[in-house]
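This briefing concerns a nonpolar surface patch and the salt bridges of a predicted model. Please consult the sequence and structure shown here alongside the points that follow.

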Amino acid sequence: MKRIVAVCALTALVAACGNGPRETEDETDGGGTPTTPTDPTNPLAVPEAIAGDLDSISFDASTNTLTVTGLSQDGVPLVNEYRHVSTSFVDGYETFTGQNDPLGRHATAFVASRDGVQAGVVLTGPQFNTFFGGAFFERSGAYVAPTAPESRFDVTYYGNYAAGLNTAGPETDIFPTPGVDEDVNTPEQAAYVRGLMFVNVDLNEMSVEGEIYDRTAVTGAGNFDMQDIVLIDGTLTGEGTFSGNIELDESDISFPDSGTGQDIGDFAGVIGGPSGEFMAGGTRVTEVLEDFDNEIEIGVFVLDLCVAGNTDPICVNALQP
């Protein structure tokens, strides 16, 4: 497993960092070998950088039940059934939280599913200077390529984006700790990110690119606008999987002085559904908030294919000849 150190703001959130961040280090399975959350021989495996501490997420949409495997603070795989939150924190995703007792780590999860694909992200809140988390996605059934509009070679997927952020978030669903000394390092909820997303897939050149935009960080110190980020250099395989790099969007006029053109992370995912009409995947990025240090965002997306009749402006424009 990898521990995620706490994010420190240069201004507003210094108090959330406790005694300050520690260096990230790999944990092992006890025999000196770093644990690997996914099977590298499986073409549908989630890349380790995105999976993080997770072994799997199992979401039953019919019963709103979520089971998380592998997320723990000590390297021992655990299976935890999380509690469903009736009002989702992020549009398009079911929200779940997990906490064993008032002094135990609190975790927040966002999940979504479609016919043949599902994806989710989990991140614990800050405690003892560290976080744990990761994203997971999967597909059932064989890959069926989407059908492009007539005389076209490309398709577009669109929808909502959700992510965990390694700083303290709003305390809306956490056990109280009455009578505990204020010096005790009690758990907190994780901050999170909400946004919108679209992805273009070139079915001839097997390339993938896109953008995550209208991004907001929801933290315990308030909400912060975030710079748009772009998915670049993505490659689609014959198995219907894809991966690529992420950069800050240099065209985002709200952040004219930020660094651009630098690799800040990775994305990966799968295309699924009976006719390739859905996309699911995950992200991991850093350096996504101005005036913050050590920030890490772990995100997830479950998107729909733009088809004739969609009224979302992304699809209306994407389907024009």
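On the surface of this predicted model, L103, V180 and V184 make up a nonpolar patch. Together these residues have about 210 Å² of accessible area. Elsewhere, a search of the whole structure yields four salt bridges, and three are described below.

**Surface patch**
- L103, one of the patch residues, lies in the loop between β6 (94–98) and β7 (107–114).
- L103 has a relative accessible area of 46%, so this residue counts as partly exposed.

**Salt bridge D173–R83**
- D173 and R83 are joined through their side chains by a salt bridge, at 3.8 Å from N to O.
- This pair connects distant parts of the chain, 90 residues apart: D173 belongs to the loop between β11 (154–168) and β12 (190–202), and R83 to strand β5 (residues 79–85).
- D173 is partly exposed, with a relative accessible area of 25%, and R83 is also partly exposed, at 31%.

**Salt bridge E297–R215**
- A salt bridge joins the side chains of E297 and R215, at 2.8 Å from N to O.
- This pair also links distant parts of the chain, with E297 in strand β20 (residues 296–305) and R215 in strand β13 (residues 207–219), 82 residues apart.
- E297 is buried because its relative accessible area is 0%; R215 is likewise buried, at 2%.

**Salt bridge D154–R152**
- D154 and R152 form a salt bridge in which the closest N and O atoms are 3.0 Å apart.
- R152 is partly exposed, its relative accessible area being 24%.

Definitions and conventions
Residues numbered from 1 in each chain as written. Predicted model: local features only at pLDDT ≥ 70, side-chain atom pairs only at ≥ 80, totals over all residues. Heavy atoms only, no water. Patch = residues over 30% accessible without salt bridge, like charges linked within 9 Å, V, L, I, M, F, W, Y side chains within 5 Å. Areas by Shrake-Rupley, 256 points an atom, 1.4 Å probe, with all protein chains shown as cover. Helix = DSSP H or I, 4+ residues; strand = E, 2+ residues; numbered from the N terminus. Buried < 20%, exposed > 50% of the residue type's maximum accessible area, 1.4 Å probe, protein only.
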